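These are my notebook entries on a structure that I looked up for the first time. I set down what I consulted, entry by entry.

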Amino acid sequence: MELFLGIDIGTTHMKVCAVRPDGSVCHTVLRDQSVRELPGWGRCFRAEELWEKTEDCLKELFSQIDRKQIRAIGITSMAEAGVAVDADGVPLTPVVPWNAGQGGPEEADFPASLRGFSLYRKTGLIWHRKYTINQLLSLKTSRPELFERMDCFLSVSDYLFFRLTGERRTEESLACRTMLYNIFEGQWDSELTAFAGVTGKMPPVGKGSTGWPILKKELASRYGLPDKISVRIGGHDHLCAARAEGLGEGDVLNSMGTSEVYLGFPDRLPELSGLYERGIQLGVFQGRFYWICNMPSSGASVEWLRSFLQAAGGQASYESLMKQERQVPSKVMYLPFVNGGGTHRKKMIPGGLLGLDMTTGPMDAAQGIYEGIACEARVILELIEDAGLHADRLIAAGGGTRNPLLMQAKADMTGRCFILSQQTQATAAGAAMLAAEAVKEPKCPGDFSGEGSRKEADIERKTAAPRKEYGEACLAKYKTYLALTEAAAREGTKERQEFLWN
């Protein structure tokens, strides 16, 4: 049997999976990420340590499978994060993830032609500090000696690809998240790269399934692998999950991790100004436009609660947070912005818990957090449909699907049914499927034009469906949530936004 490997570099965990030709995962090796607080950089990773962990995961996986069956390797990762390397490919900087909270330039520092809707018409992005261009501008200003030595900037996926193949390359959906790539022209934008001072310093953009290189001979020999194993960058992690789920037109993927996104592939793009006004971002993946809305504080909110319970000596496992004794809806109101707000939020809003009293217990707080995440999900879904995008079918993937209380809260608060992914590691599986395309014909399972929508199999899939008995109470709580977030946005100041971000 042939096997394809998927390497998934996330913000919290790193995973390497062996995937069968039918798209199912047969083995998974996982490592926690090692994040360190570095003065002037924020919470970062070391690029060399990422590579060391990747090798460690690969070696462990090879001990569990027949390595002679491996045909190709696909890589996926968090977006925006990356590392500056010199002419020899040696890292000059740490890897600064998207949620590091570092300082940097403001949108007002950009030329007028590269702000607001003008920027959106090039990149499909709404300005945010997390995008790669701002890391590069900050490096240029604060560490000019390192900036001068930089020969190329590589995303996390690009860096691992370089270590595996010796070649510098990126993939289009990752290029889309740099705020340097013109999604309508399909190339690095000359005006943006000139402004950032990185003309000629961004890697070539790989498109399609052909032309990807093979694993270095010395690595194949070291690992005891077959010759000519193809290596491919799959792309942005959430989009690789969409690939594994075979999203069709009208389908929406709710991909959950530290951050949470809603994304889909429209048959046509609605009018751009309407998308921009609603904070809906765009990109290109596998030759198709996609739309995306994000909620940075989804999984981060659950981790936030667990950290409080651990500090207090309480039981903070996921199992303990899923006990059934709780009030629904919770009397606790939660604003899910502890890790920032999505681009649909025009202003930074304070996050936290409201409605606490001496009778509030851990499960009341946990349920309140689930319902706060669910309320923000409803905000996003209403924005999507208001913009003329279809949300006919919701498919949930990622770690959050293993939390039945969270998924039930989403169904109750949105009044929508969520189909739960059957993939145990959808992101890594999607990267492996894409790698398989480079060496297999016909196309692999889950192709957009093939198994695509899978609607005929929905009846056999687990779902989270809204419960009618909670409908009125959940709607009342959602209206209160809207009033609170709107009031918080009106009262926000620039000074408060700076404090919350830093």
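**Entry 1. The chain as a whole.** I take helices (H or I, at least four residues) and strands (E, at least two) as DSSP runs, numbered from the N terminus. On that basis I find 16 helices and 22 strands in the chain. I note that the model is a predicted one. The chain has 502 residues, and buried residues make up 60% of them. I also looked up how far apart in sequence the contacting residues are. Of the contacts with a separation of 6 or more, 74% are between residues 24 or more positions apart.

**Entry 2. The seven-stranded sheet.** I followed an open sheet of seven strands, and I record its order as β16-β17-β15-β14-β20-β21-β22, with mixed pairing. β16 (281–285) and β22 (463–464) each have a single partner strand, so they stand at the edges and one side of each lacks a neighbour in the sheet.

I then went through the pairings around β14. With β20, strand β14 pairs in the parallel sense over six bridges, and I find N254 bridged to A396 in β20. With β15, strand β14 pairs in the antiparallel sense over four bridges. There, the bridge partner of M256 is E260 in β15. The connection from β14 to β15 is a hairpin of three residues.

Next came the other pairing of β20. Strand β20 (residues 393–398) and strand β21 (residues 418–420) are parallel to each other, with three bridges. A396 appears again here, as the bridge partner of L420 in β21.

**Entry 3. Helices on this sheet.** I looked up which helices lie against these strands. Helix α12 (residues 362–386) lies across β15 (260–264), β17 (288–295) and β20, and runs at about 145° to β17. Helix α13 (residues 404–414) also packs on the sheet, where it touches β14 (251–256), β15, β20, β21 and β22. The direction of α13 makes about 160° with that of β21.

**Entry 4. Is β14 buried or exposed?** I asked this of each residue in the strand. Six of the six residues of β14 are buried. In a regular strand, side chains alternate between the two faces of the sheet. I find D251, L253 and S255 pointing one way from β14, while V252, N254 and M256 point the other way.

**Entry 5. One residue of α12.** I selected Q367, which is found in helix α12. Its relative accessibility is 2%, and since buried means under 20%, Q367 counts as buried. Apart from neighbours within four places in sequence, I list R326, Q327, V328, S330, L405 and A409 as the residues in contact with Q367.

**Entry 6. The five-stranded sheet.** I traced a further open sheet, of five strands, in the order β3-β2-β1-β6-β13 and with mixed pairing. Its edge strands, β3 (25–32) and β13 (230–236), each pair on one side only. On average, neighbouring strands of this sheet are turned by 15° against each other, direction ignored. β2 and β3 run antiparallel and are joined by seven bridges. V16 stands opposite V29 in β3.

Helix α9 packs on this sheet and touches β1 (3–9), β6 (70–77) and β13. The direction of α9 makes about 105° with that of β13. I find nine of the nine residues of α9 buried, among them D237, H238 and E245. After α9 comes G246, with a positive phi near 60°.

**Entry 7. The largest pocket.** I looked up the largest pocket and noted a volume of about 1000 Å³. Which residues are closest to its centre? Of the 44 lining residues, they are M256, G257, T258, G398 and G399. Two or more lining residues come from each of β2 (13–19), α9 (237–245), β14, β17, α11 (299–311), β20 and α14 (426–437). I divide the lining into 15 nonpolar, 21 polar and eight charged residues.

**Entry 8. The cavities.** I count three cavities of 30 Å³ or more. The largest cavity has a volume of about 80 Å³. It is lined by 14 residues, and nearest its centre lie F153, S155, D158, L174 and T178. Both β8 (152–155) and α6 (172–175) supply at least two lining residues, and β8 gives the most, with three. The lining of the largest cavity has eight nonpolar, four polar and two charged residues.

Conventions:
Residues are numbered from 1 along each chain as its sequence is written. This is a predicted model: local features need pLDDT of at least 70, side-chain atom pairs count only at pLDDT 80 or more; totals for chains, interfaces and linings use all residues. Side-chain values use heavy atoms; hydrogens and water are left out. Two strands pair if DSSP finds at least two bridges between them. Contact means heavy atoms within 4.5 Å. Axes are lines fitted to C-alpha atoms, for helices over the stretch in contact, and angles run from 0 to 180 degrees between N-to-C directions. On a 1 Å grid over the protein atoms alone, a cavity is a set of points where a 1.4 Å probe fits but cannot get out, and a pocket is an open set with protein on both sides within 12 Å along at least five of seven lines; lining residues have an atom within 4 Å of a point. Grid points are joined across faces, edges and corners, and a volume is the space filled by probe spheres set on the points. Ala, Val, Leu, Ile, Met, Phe, Trp, Tyr, Cys and Pro count as nonpolar, Asp, Glu, Lys and Arg as charged, and the others, Gly among them, as polar. Buried means under 20% relative accessible area, exposed over 50%, partly exposed in between (1.4 Å probe, protein chains only).
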